[in-house]
Structures are given as structure tokens and as C-alpha cells.
Amino acid sequence: MRPRIKGYSFLLEETDPALVFTPEDFTDEHRQFIRTTREFVEQEIEPIREELEKLDRDLLKNTLKKAGEAGLFMIEVPEQYGGLGLDLISQMVVIENLGGSGGFAVAYGVQIGIGSEPILFFGNDEQKQRYLPRLASGEIIGAYGLTEPGSGSDALAARTSAALSEDGKHYILNGSKVFISNGGIADLYTVFGKVNGEHFTAFLIERGAPGFSIGAEEDKMGIKSSSTTTLTFQDVKVPVENVLGEIGKGHKIALNILNLGRIKLGVGVGGGIKQALGRAVRYGIQRKQFNTRLVDFPLIRQKIAGMVARAYASESMGYRTSGDIDEAIRAAGAHGEPTLDRQLATLEELSGECAINKVFDSECLDWVVDEAVQIHGGYGFIAEYKVEAGYRDARISRIYEGTNEINRLFISGNLFKRAMTGRLPLIGAVQKIQAAVLSPLEPYDGAGKPLADVAEAIFNAKRLYLFVGGVIAQRFMPDMDRISKEQEALAWMADMVIHIYALESAYLRAVKRIEAGDPPAESHADAVRYQMLDSTAVIEQSARTLLEGYFADDSLKTNLAVLRKFAKWPHVNRVELGRKLAKAAVEAEGYPFEVVS
Ligand SMILES: Cc1cc2nc3c(=O)[nH]c(=O)nc-3n(C[C@H](O)[C@H](O)[C@H](O)COP(=O)(O)OP(=O)(O)OC[C@H]3O[C@@H](n4cnc5c(N)ncnc54)[C@H](O)[C@@H]3O)c2cc1C
């Protein structure tokens with residue numbers, strides 16, 4: 001059996017490609033969900049896309065209900081609560097294939113995510129019986145109110161207050177929330193407040209509760225078909241039975257739900273990346289300038305290649321992490337542990353990987369939608385062309401589910417904490433690297449391995465990370481608290497970690513294809529090598545910037561000399577590789593690695 005998956009262990013070990021879940025491993029059931037979702041988009045969303053963009057609450061709610069009738073809300077909900085109790089991958093394929101549906105995708109994501117997961121994971125049996133079957137069928141719509149006017153990133157500083165009534169039957173809530181997705185259409189709200197101004201707690205509030213009011217719709221830059229409102233509580237009486245989880249333990253709910261939200265957001269964003277790529281390629285095929293198709297201009301081909309490589313890395317990473325989560329839950333189930341508890345523990349274990357997905361994917365999406373507009377030229381700036389909305393819709397992904405700054409701080413902060421407590425054997429690995437740099441470096445043994453050049457680059461990138469992370473940490477020893485204030489150090493180290501994981505995920509998938517002898521294996525290799533060019537550039541630049549920022553004079557010179565020892569990447573001809581990779585996309589009229597056509 002596969003050893004238990006440890007968060008961040010990819011930095012210290014090589015992963016066996018056979019153990020990594022990839023889109024090519026989709027089961028028949030996954031493939032059926034993909035088809036059902038695409039049919040839903042084609043039949044129920046595309047024909048009314050323009051009306052949805054005008055945000056008619058009834059239309060949005062009715063369309064969501066149709067998604068419920070199509071069974072798209074019940075995937076993860078256990079059977080005893082009216083759901084299908086399926087794996088995370090089944091949910092992910094639906095999220096991905098709705099990912100290009102702008103605000104509707106957000107409304108859907110809230111319903112199956114933050115709108116129902118707090119109850120799924122933290123509700124008692126009575127709360128689950130009361131709400132989950134109706135959420136799973138789409139009879140009721142959920143929303144999640146954490147953010148307040150004065151507390152966004154610092155979410156636990158909420159000021160909404162909750163006081164127990166004299167008869168002990170209710171909590172009286174006062175305060176307000178802002179930017180709540182599904183705010184204007186939901187029936188059930190999970191909201192957070194502080195009991196006696198101190199104990200952060202989650203409550204379930206139903207629409208129509210006296211004193212509970214819902215504000216007007218925000219006029220947003222993008223995702224216009226989603227509902228985003230304020231919520232106001234004026235002496236709202238919430239029955240004590242509607243406390244979710246324990247008093248004072250609301251942070252557990254808020255933080256755990258975020259972990260799952262981040263990987264789901266990442267996979268959904270991946271759907272948006274592929275959609276923008278497809279639109280750009282198809283436009284570039286039919287549009288001619290200088291009597292030549294746009295897709296035949298080398299500069300356009302390089303843009304397309306960049307899109308394909310990002311889509312490939314994002315997709316490989318999203319399904320790798322999701323597959324790891326599913327696998328860990330299955331393994332725990334085999335030992336008879338309660339699945340929901342195990343699921344939470346797994347999500348915490350892989351919380352770093354979830355955040356990595358969120359940051360990488362949302363930034364890839366922004367790059368891809370920007371280039372998709374560029375390929376459309378002036379038409380890309382005109383609302384009639386769908387890339388215009390795609391460009392606006394993309395921007396929010398770097399802001400919610402924790403801004404990318406907060407996620408970067410989390411990725412490194414969380415990793416350091418695990419290293420310092422011995423949960424992750426990072427310190428031993430750092431010491432080994434530091435001892436190794438004193439003598440000639442041990443060469444990488446890639447004999448007989450497919451894509452050995454990429455494997456060596458990943459091996460060197462990890463050694464570089466361990467070296468730089470080690471010297472930066474030592475710079476602040478013994479006062480490790482100081483490092484949490486060095487935000488640049490944490491963020492740039494996070495960039496190294498993000499690109500190591502993204503590149504390795506793409507590599508593992510390509511190796512799996514090569515070993516399986518798939519005919520398009522060569523294109524998989526091209527996508528990985530193209531991503532390697534970008535990822536190794538970020539990794540090396542981040543390492544250099546870190547060393548230059550925290551060292552000077554002789555110590556800087558010594559550290560930069562070590563950097564040069566590790567930063568050895570294979571030579572790749574980007575001109576030829578980019579043209580070739582783009583050709584595969586032009587022939588496929590979109591993303592060339594789609595497993596369900
Ligand atoms: C369309 C939309 C939908 C949303 N949906 C929901 C929802 O359904 N439920 C919900 O509860 N919330 C929702 N939000 C809120 C969203 O999660 C917050 O906007 C987000 O967490 C950022 O908080 P803020 O807007 O207060 O920005 P701030 O926290 O004020 O941040 C402003 C800037 O400062 C940076 N910053 C903040 N703290 C630090 C720090 N410690 N170090 C370095 N930089 C820092 C941030 O990264 C950001 O760049 C939604 C927001 C929008 C716009």
C-alpha cells in the first residue's frame with residue numbers, strides 16, 4: 001500500500017509517477033460527469049449567458065436549481081444525506097468544466113463549497129439531516145459570510161457579536177458582512193461572530209430571520225452573473241441549535257473550509273485557462289492578417305505555447321493534489337477511521353499544496369486571459385467577444401479564498417512551522433545539502449529514466465530551495481519569530497516551492513504517459529519542457545533575489561557561488577519547442593491534452 005502522503009514531502013523525495021493521479025486516469029464515471037457538465041453548460045448556460053450577466057436573481061436561482069436537478073450538487077454529499085458520496089475527483093471534473101462559466105461558476109462553487117461544506121464537516125446529525133438533502137438537491141441555496149468591512153485578510157478579527165439571550169435559547173447577533181457570494185439568492189447562511197466579543201463561532205441563519213437584511217448587489221468588475229451583497233444583523237435571534245460546531249471553535253471551520261476552497265478554486269480556474277486558450281486558438285485560425293492566419297505567426301505561436309504549458313501544469317497539479325486527497329481518505333477508510341474527520345485531517349496535511357494550486361492557477365489564468373485578449377487584437381476589447389468577459393472574470397481569483405499574498409505567506413509559514421516542530425524532516429535535509437556543497441556535488445543519476453533532463457532540473461531546483469531556505473532560516477536563528485515578519489523572504493521562497501510543485505506535477509504526468517506508450521507522449525514532453533523554461537527561471541530568480549536581499553559582501557559571494565552550482569538547467573530551444581507545442585494546439589483547435597473530447 002502507498003505510504004501516507006505528507007504535506008510538502010515532494011520537496012524532500014522523488015515521487016513515483018505511477019502513484020500520481022492524472023486526467024488520463026479518469027474512470028468512466030468521471031468521464032460521464034464531464035459530459036453531463038458540458039451538456040449542462042451548452043444547454044442551460046450558453047443560451048442565456050447575456051441575461052445571466054445582467055444579474056437577474058430569479059434567473060440565477062432557477063439556473064442553479066437546474067444544476068441541482070442535473071445532480072451536480074450532490075456529488076460529495078454522503079448518501080445518507082441525499083447525496084452520492086463520491087470522491088473528490090468526481091466533484092473536481094464538474095468544477096473544472098463549469099470553470100469557464102464566469103459568475104455562474106462562482107455561484108455553483110459556493111453552493112457545493114463554502115455554502116454546504118461547513119455543515120457537511122462540522123454540522124451535527126440533526127443539522128445535516130435538516131439542510132444537506134435540500135442543499136444537495138438545489139432546493140435551497142447556501143452562502144458563507146466571513147468577511148466584514150473591517151476584517152478581510154484578518155478574518156478572525158471579525159466584529160460581529162453574538163450574545164446568549166437571557167432564557168438561553170438564542171444567540172443575538174449584531175454586525176455586518178461584506179462581499180458575500182450568493183448573498184442575494186441564498187436561503188441558508190453560515191456566518192461567523194464572536195460570542196461575548198471573544199469566542200469566534202459559526203452560526204446558521206435562514207433567510208427571513210427577523211433583523212437579518214440583505215443589501216443591494218455590488219456592481220463588480222467581473223463575474224457579473226454572480227450575486228455579491230452585504231449582510232446585516234440587527235438583534236437577529238439565532239436558535240442555539242443553529243450554532244455550528246463548538247462555541248469558540250469557529251476558526252477551525254473557517255480555516256479548514258478554506259483549504260478545500262483553494263484546491264477547488266484552482267481546478268475551476270484551470271477550466272477557465274483551457275477555455276481562454278481554446279477561444280484564442282480558434283480565433284487565430286480564422287483571422288488572417290498579411291494573408292496569413294494569426295496562428296501561423298511565430299510570436300502568436302509562442303503565446304499559444306505558453307498557454308498550453310500553463311494549462312498542462314495547472315491541470316496536472318490540480319488532479320495530483322485531488323488524487324492525493326482522495327487516496328489518503330480511502331486509505332484511512334480502510335483502517336476504519338471516520339471518513340469526514342479523516343478528510344479534514346488530510347486537508348490540513350495537504351493545506352500547503354491546496355494553497356500552491358490556488359496561487360499558481362490564478363496567476364496562470366490572468367496571464368492566459370491577457371494573452372487571449374491580445375491574440376484577438378481590438379476585438380478582444382469589445383464585449384461581443386467572449387474573451388473580454390473572461391479577462392474581467394479572471395481577476396477575482398487572486399483576491400478571494402485568501403489573497404495570493406496571504407497564501408504565499410501561508411505556504412512558507414506553514415512549511416517552516418512543520419520543519420521547526422519536526423513534523424517535516426526539513427532540517428536534516430538542509431544540513432545534508434549544506435554539507436554537500438563543501439565538496440563536488442553529487443551528480444544526478446537519471447540513467448534510463450524518461451525525461452531525465454527535466455528530472456535533473458527538478459532535482460537541482462529542490463537542492464537549491466533547501467540550500468537557500470536553510471541559509472535564510474539560519475540568518476534569523478534563534479529568533480524564528482522574526483522570519484514571520486520577513487514577508488519578502490516568505491513570499492519568494494513560496495514562489496520557489498510553487499514552481500517546484502507545478503513543474504514536478506507536469507513532469508510526473510508526462511512520464512506516466514511515456515511509460516504507458518501513449519501516442520501523444522511527445523507532446524506531453526514538449527509541454528513539460530516549455531513549463532520547465534518558465535519555472536526554472538522563476539526558481540533561479542527568486543533564489544538570487546533572496547540571497548541578494550539577505551546577504552552582503554563575502555557571504556553573498558559565497559552563497560551566489562553555491563547558487564550557480566545548483567542552478568544548472570538543460571538547454572532547450574524555446575523557438576522550436578514553442579512552435580511545435582503551439583502546432584499541437586492549432587491541430588486540436590484548443591487544448592491538445594483533453595481526455596474527453
Ligand atoms: C466578488 C467577491 C466575492 C467574495 N465572496 C466572499 C464570500 O462568499 N464570503 C466571504 O466571507 N468573503 C467573500 N469575499 C471577500 C474576500 O475573501 C476578501 O475580499 C479577501 O479575503 C480580501 O480581503 P479584503 O478585501 O478586506 O482586503 P484586505 O485584507 O484589506 O487586503 C488588501 C491588500 O492588502 C494585502 N494584505 C492584507 N494583509 C496583509 C498582510 N498581512 N501582509 C501582506 N499583505 C497583506 C492583501 O493581500 C491585499 O492585496 C469576496 C470578495 C469579492 C470581491
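These are short questions and replies about a predicted model.

Me: Why is T201 called buried?
Reply: Buried means under 20% relative accessible area. T201 has 0% relative accessibility, so it counts as buried. T201 sits in strand β5.

Me: What makes strand β5 largely enclosed?
Reply: Look at residues 199–206, which make up the strand. Of these 8 residues, 6 are buried, so the rest of the structure largely encloses β5.

Me: Which residues does T201 touch, leaving out those up to four places away in sequence?
Reply: Contact means heavy atoms within 4.5 Å. T201 touches V191, F192, G193, V195, V243, E246, I247, G248 and G250. A254 gives another view of the fold around T201. The two are 53 residues apart in sequence, and their C-alpha atoms are 9.4 Å apart in space.

Me: What makes the pair T201 and H199 a polar contact?
Reply: The cut-off for N or O atoms is 3.5 Å. A polar atom in the T201 side chain lies 2.7 Å from the backbone oxygen of H199. That distance is within the cut-off, so the pair fits.

Me: How do you know that β4 and β5 pair?
Reply: Pairing needs at least two bridges. Strand β4 (residues 188–195) and β5 have 8 bridges, so they pair. They run antiparallel. In one of these bridges, L188 has E206 as its partner. The two strands form a hairpin, with 3 residues between them. N196 lies in the turn and has a positive phi of about 55°.

Me: How do you know that β5 also pairs with β8?
Reply: Use the rule of at least two bridges again. There are 2 bridges between β5 and strand β8 (residues 243–244), so the rule is met. This pair runs antiparallel. A202 stands opposite L244 of β8.

Me: Why is F179 called exposed?
Reply: Exposed means over 50% relative accessible area. F179 has 56%, so it is exposed. F179 belongs to strand β3 (residues 170–181).

Me: What is notable about the phi of F179?
Reply: F179 has a positive phi of about 60°, although it is not a glycine. Most residues other than glycine have a negative phi.

Me: Why is L55 called buried, and where does it lie?
Reply: The limit for buried is under 20%. L55 has a relative accessible area of 17%, so it is buried. L55 lies in the loop between α2 (49–53) and α3 (57–69). L55 also has a positive phi, of about 55°, and is not a glycine.

Me: Which residues are closest to the ligand?
Reply: The closest are T147, S153, F179, T403 and E405. In total, 20 residues surround the ligand.

Me: What makes the links from the ligand to Y144, F179 and E405 polar contacts?
Reply: Each is a pair of N or O atoms, and the limit is 3.5 Å. A ligand nitrogen is 2.9 Å from a polar backbone atom of Y144. A ligand nitrogen is 2.8 Å from a polar backbone atom of F179. A ligand oxygen is 2.7 Å from an N or O atom in the E405 side chain. These distances are within the limit, so the three count.

Me: Why is K512 called buried?
Reply: K512 has a relative accessible area of 15%. The value must be under 20%, so K512 is buried. K512 lies in helix α16. Its side chain reaches the backbone oxygen of V20 at 2.6 Å. Beyond its neighbours within four places in sequence, K512 is in contact with P17, A18, V20, F21, T22 and D25.

Me: Which residues of the largest nonpolar core touch the most other members?
Reply: They are I304, I411, L464, Y465, I472 and Y507, out of 104 residues. Helix α16 (residues 487–516) gives the largest share of this core, 16 residues. At least three residues come from each of domain 1 (251–402) and domain 2 (406–588).

Me: How many residues of domain 1 and domain 2 are in contact?
Reply: 35 residues of domain 1 are in contact with 33 residues of domain 2. The domain centres, taken over C-alpha atoms, are 21 Å apart.

Technical notes:
Residues numbered from 1 in each chain as written. Predicted model: local features only at pLDDT ≥ 70, side-chain atom pairs only at ≥ 80, totals over all residues. Heavy atoms only, no water. Buried < 20%, exposed > 50% of the residue type's maximum accessible area, 1.4 Å probe, protein only. Helix = DSSP H or I, 4+ residues; strand = E, 2+ residues; numbered from the N terminus. Core = buried A, V, L, I, M, F, W, Y, C linked by side-chain atoms within 4.5 Å. Domains from an automatic or database assignment. Near = heavy atom within 4 Å. Polar contact = N/O pair within 3.5 Å; in protein donor to acceptor, adjacent residues only side chain to side chain.
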